[in-house]
Amino acid sequence: MQNIAIVGFGFMGTMHAQVYSQLRAARIVAVVDKEKAKAKRDLAKLKLAVPVFGTVEDMLAAVQVDIVDICLPTDLHAAFALKAIAAGKHVFCEKPLALTTADARRITTAARRTGVFVQVGQCIRFWPEYQAFTTFVRSGKAGRLLSLSLQRRAGRPYYSVENWLNDGTRSGGAALDLHIHDTDFVHHLLGAPTAVTSTGTRDQTGWSHIFTTYHYRNLIVTAEGGWNYPKNWGFQMAFQAVFEHGALEFDSRSSPTLVVTLGNGKKRALPYRNPGAGESSTGSGNLASLGGYYNELAAFLSCVERKRVPRIATAGQAADSLATVLAEIHAATTGRTVSLNHQPQGAQ
């Protein structure tokens, strides 16, 4: 049983609490949030009796903790991750790992030096449909992948505490907060591209919609991500993959969500396993499922329990993905293709 403290009890903090409540190896022993009264109300709604602290220091002095789960605004990730690492605690940190590659590398270096585990909330690596896609690509059932296009779109995010998501200096805009999921998945599936070419729209929130071509040999890969849609537009994540002998498509707004067309056959649902929903699925589920969040937190808990270094969504991998998105922002700003020459951090 692992004792967990959740630092930051907003949207993602409560989401993580719901997942931990379903995991037998997890026990939430503390919440840290400067809005203590609100955090207590939210815990009561989840029927959780957990002490709430105003600071990490007070929490660490009062409670025995194995894992610190950081669900704070992005500009606070580095400072709090480093505090937890210095205290010898394993860290799960929401994405993006940091706003700068320098801070991301500091976290990676500190984790390696102290021997604690760090995993980052790049949940698309764990999302059931994307996992099924990864398995399908590697199976070779439809031949070589020829092209891949990914999308991640949302209405303006006005739900964050102090509206921090719409402050580009704190969130990095949609490019860093939203689009980074697809960039990270591209890294996971194909490795780092050699260069990026990007364009987009920019406003008070930073790069609110970005369009990128990732440069690979004999493969076309593009992704777009943005939150400059109307507030009530909703959310969509999707991809379209074309192979030598087929196509695979995902759309979170469709039912079924994941469909495949092989050769001259008819389009059909591609079954996949969704542990977060507790069942197998043909893609008729919805985004209320905890599938991807369940998978990532269950995987991290398993690593801590078995004392095995995480291999998926590590701090090093998150730092690599961050470096690519920052290159995309630079490409969009300058109107030039940007070559990528950063040394991959890979595993923790």
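The charged end of R253 sits over the ring of W233, with 3.9 Å to the ring centre. Keep in mind that this is a predicted model. Below is a quick tour of the ring pairs, a helix contact, some backbone oddities and a couple of residues whose surroundings are worth a look. There are 11 aromatic pairs in the structure, and the backbone has a cis peptide bond from K95 to P96 as well as one from S255 to P256.

**Charges over rings**

- R253 and W233 have already had their turn: the charged end of R253 is over the W233 ring, 3.9 Å from its centre.
- K83 does a similar job with a Phe: its charged end sits over the ring of F80, and here the distance to the ring centre is 4.6 Å.

**Aromatic pairs**

- Out of the 11 aromatic pairs in the structure, one is made by Y130 and F250, an edge-to-face pair with 5.3 Å from centre to centre and 70° between the planes.
- That angle is why the pair gets its label, since planes over 60 degrees apart count as edge-to-face.
- Y130 belongs to helix α6 (residues 128-139) and F250 to strand β12 (residues 246-251), so the pair links distant parts of the chain, 120 residues apart.
- Which side of the burial cut-off do these two fall on, buried or exposed? Y130 is buried, at a relative accessible area of 0%, and F250 counts as buried too, at 3% relative accessibility.
- F250 also pairs with F239: the ring centres are 5.5 Å apart and the planes are at 35°, so this pair is tilted.
- F239 is in strand β11 (residues 235-243) while F250 is in strand β12, so their pair ties together parts that are 11 residues apart in sequence.
- Like F250, F239 is buried.
- Zoom out a bit and ring pairs link Y130, F133, F185, F239 and F250 into a cluster.

**Helix α4 against helix α5**

- How do α4 (residues 77-86) and α5 (residues 101-114) run relative to each other, roughly parallel or roughly antiparallel? Their axes come within 10 Å and cross at roughly 5°, which makes α4 roughly parallel to α5.
- On the α4 side, the residues in the contact are A78, A81, L82 and I85; on the α5 side they are D103, R106, I107, A110, A111 and T114.
- Sorted by class, the contact of α4 with α5 has seven nonpolar residues, one polar residue and two charged ones.

**Backbone oddities**

- As background, most residues other than glycine have a negative phi, and most peptide bonds are trans.
- The peptide bond from K95 to P96 is cis, its omega being near -15°, and P96 is in the loop between β5 (90-93) and α5.
- The peptide bond from S255 to P256 is cis as well, with omega near 5°; P256 has its place in the loop between β12 and β13 (258-262).
- K47 has a positive phi, near 60°, despite being a residue other than glycine.
- You'll find K47 in the loop between α2 (36-45) and β3 (52-53), where it counts as exposed at 78% relative accessibility.
- N163 is another residue other than glycine with a positive phi, in this case near 55°.
- N163 is in the loop between β7 (145-155) and α7 (168-171), and its relative accessible area of 32% makes it partly exposed.

**Two buried spots: G13 and P310**

- G13 is in helix α1 (residues 11-20) and counts as buried, at 0% relative accessibility.
- What does G13 touch once neighbours within four places in sequence are left aside? It is in contact with I6, G8 and C71.
- For a sense of distance, G13 and N274 are 21 Å apart in space, C-alpha to C-alpha, and 261 residues apart in sequence.
- P310 is in the loop between α9 (291-306) and α10 (315-334), and it is buried despite the loop setting, with a relative accessible area of 1%.
- The C-alpha atoms of P310 and V196 are separated by 28 Å, and the two residues are 114 residues apart along the chain.

Technical notes. Residues are numbered from 1 along each chain as its sequence is written. This is a predicted model: local features need pLDDT of at least 70, side-chain atom pairs count only at pLDDT 80 or more; totals for chains, interfaces and linings use all residues. Side-chain values use heavy atoms; hydrogens and water are left out. Rings of Phe, Tyr and Trp (its six-membered ring) pair if their centres lie within 6.5 Å; planes under 30 degrees apart count as stacked, over 60 as edge-to-face and the rest as tilted. Helices (H or I, at least four residues) and strands (E, at least two) are DSSP runs, numbered from the N terminus. Buried means under 20% relative accessible area, exposed over 50%, partly exposed in between (1.4 Å probe, protein chains only). A charge sits over a ring if NZ of Lys or CZ of Arg is within 6 Å of the ring centre and within 35 degrees of the ring normal. Axes are lines fitted to C-alpha atoms, for helices over the stretch in contact, and angles run from 0 to 180 degrees between N-to-C directions. Angles under 35 degrees count as roughly parallel, over 145 as roughly antiparallel, 65 to 115 as roughly perpendicular and the rest as oblique. Contact means heavy atoms within 4.5 Å. Ala, Val, Leu, Ile, Met, Phe, Trp, Tyr, Cys and Pro count as nonpolar, Asp, Glu, Lys and Arg as charged, and the others, Gly among them, as polar.
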